[in-house]
Each structure stands twice: as structure tokens, then as C-alpha cells.
Amino acid sequence: MVTSQGTASVSFPFPSVWGIHSSIAGRTIIWGTFSIHSIIDNRVVGTVNFRGRPIPINGFWNENTKQIAFDSPYATFSAT
């Protein structure tokens, strides 16, 4: 799937909702949802929701490496 928004095409689907979990020492401590609202010029805008309250996130999508990275007020995340 290739979606065009802004000046670049990206192969990451949006808007979309993904499952996400947090872990410490390899043990899952909390599950939540990661919502991607838009990707414009490889900038990701969305929310992370662990306990019923959406937390805004801003990050980047790297089309070459197929990697997403974002920061929230509480943590940093990166995945392929």
C-alpha cells in the first residue's frame, strides 16, 4: 500500500490504529492503542492511549528503512 500526502508517498497506512505494549525487563506491564492520524512529509501525528486518555505524539516515518519513531511526554519509541 502506498499513500500520498504532502510531498512524499509513504507505504505506511494511515489513518490506522495499532496495538502497543510497554514492558520492563521483558515483562509486559501495559497494553494500549497507537493511532496514526496523518503522515505529512514523513512527520507522524497521532495519539497513544494506554488507560483511556489519548496522549498526543509527534514523530517521523523513514520510508527507506520502514522505521517509525516518536516521542510522547512520557517516553520515546522506535520500531521497524
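# A guided tour of a β-strand chain

Begin by selecting strand 6 (residues 55-62) together with strand 7: the two pair in the antiparallel sense over 5 bridges. Strands are DSSP runs of E of at least two residues, helices are runs of H or I of at least four residues, and both are numbered from the N terminus. Two strands count as paired if DSSP finds at least two bridges between them. The coordinates belong to a predicted model, in which local features need pLDDT of at least 70 and side-chain atom pairs count only at pLDDT 80 or more, while totals for chains, interfaces and linings use all residues. Residues are numbered from 1 along each chain as its sequence is written, and side-chain values use heavy atoms, with hydrogens and water left out.

**The hairpin of strands 6 and 7**

Within this pairing, select Phe60, which stands opposite Ala69 in strand 7. The hairpin has 4 residues between its strands, and Lys66 takes a positive phi near 55° there. Keep Lys66 selected and add Glu63: the two form a salt bridge, with their closest N and O atoms 2.7 Å apart. A salt bridge is a side-chain nitrogen of Lys or Arg within 4 Å of a carboxyl oxygen of Asp or Glu; by this rule the count comes to 1. Lys66 is partly exposed, its relative accessible area being 37%. Buried denotes a relative accessible area under 20%, exposed over 50%, and partly exposed the range in between, with a 1.4 Å probe and protein chains only.

Next, display the side chains of strand 7. Ile68 and Phe70 point to one face and are buried, whereas Gln67, Ala69 and Asp71 point to the other and are not.

**The aromatic pair**

Select Phe70 again and add Phe34. Which geometry describes the rings of Phe34 and Phe70? Their centres are 4.8 Å apart and their planes lie at 25°, so the pair is stacked. Rings of Phe, Tyr and Trp (for Trp, the six-membered ring) pair if their centres lie within 6.5 Å; planes under 30 degrees apart count as stacked, over 60 as edge-to-face and the rest as tilted. The structure holds 1 aromatic pair. Because Phe34 lies in strand 4 (residues 27-40) and Phe70 in strand 7 (residues 67-71), the pair ties together parts that are 36 residues apart in sequence. Phe34 is buried at a relative accessible area of 5%, and Phe70 is buried, also with a value of 5%.

**Strand 5 and the loop before it**

Move to Val44, which is placed in strand 5. Val44 is buried, at 1% relative accessibility. The C-alpha atoms of Val44 and Phe60 are separated by 5.2 Å, although the residues are 16 apart along the chain. Beyond its neighbours within four places in sequence, Val44 has contacts that include Ile36, Ile39, Trp61 and Ile68; contact means heavy atoms within 4.5 Å.

Further along, select Thr47, also in strand 5. Thr47 counts as buried, at 18% relative accessibility. Outside the four neighbouring places in sequence, the residues in contact with Thr47 include Phe34, His37, Pro54 and Ile57.

Then step back to Asp41, in the loop between strand 4 and strand 5 (43-49). Is Asp41 buried or partly exposed? Asp41 is partly exposed, at 38% relative accessibility. Measuring from C-alpha to C-alpha, Asp41 lies 9.0 Å from Val10, with 31 residues of sequence separation.

**The nonpolar core**

Select Phe34, Ile36, Ile39, Val44, Trp61 and Ile68: these have the most contacts inside the largest nonpolar core, which has 13 residues. Strand 4, strand 5, strand 6 and strand 7 each supply at least two residues of this core, and strand 4 gives the largest share, 3 residues. Such a core is a set of buried Ala, Val, Leu, Ile, Met, Phe, Trp, Tyr and Cys residues joined through side-chain atoms within 4.5 Å.

**The whole chain and its confidence**

Finally, show the entire chain, which has 0 helices and 8 strands. Of its 80 residues, 29% count as buried. Colour the chain by pLDDT, the predictor's confidence in each residue from 0 to 100. The average is 78, and 80% of the residues score at least 70. Confidence is lowest in strand 1 (residues 3-5), at a mean of 44, and highest in strand 5, at 90. Over residues 1-7 pLDDT stays under 50, and the model has 21 contacts beyond four places in sequence for them.
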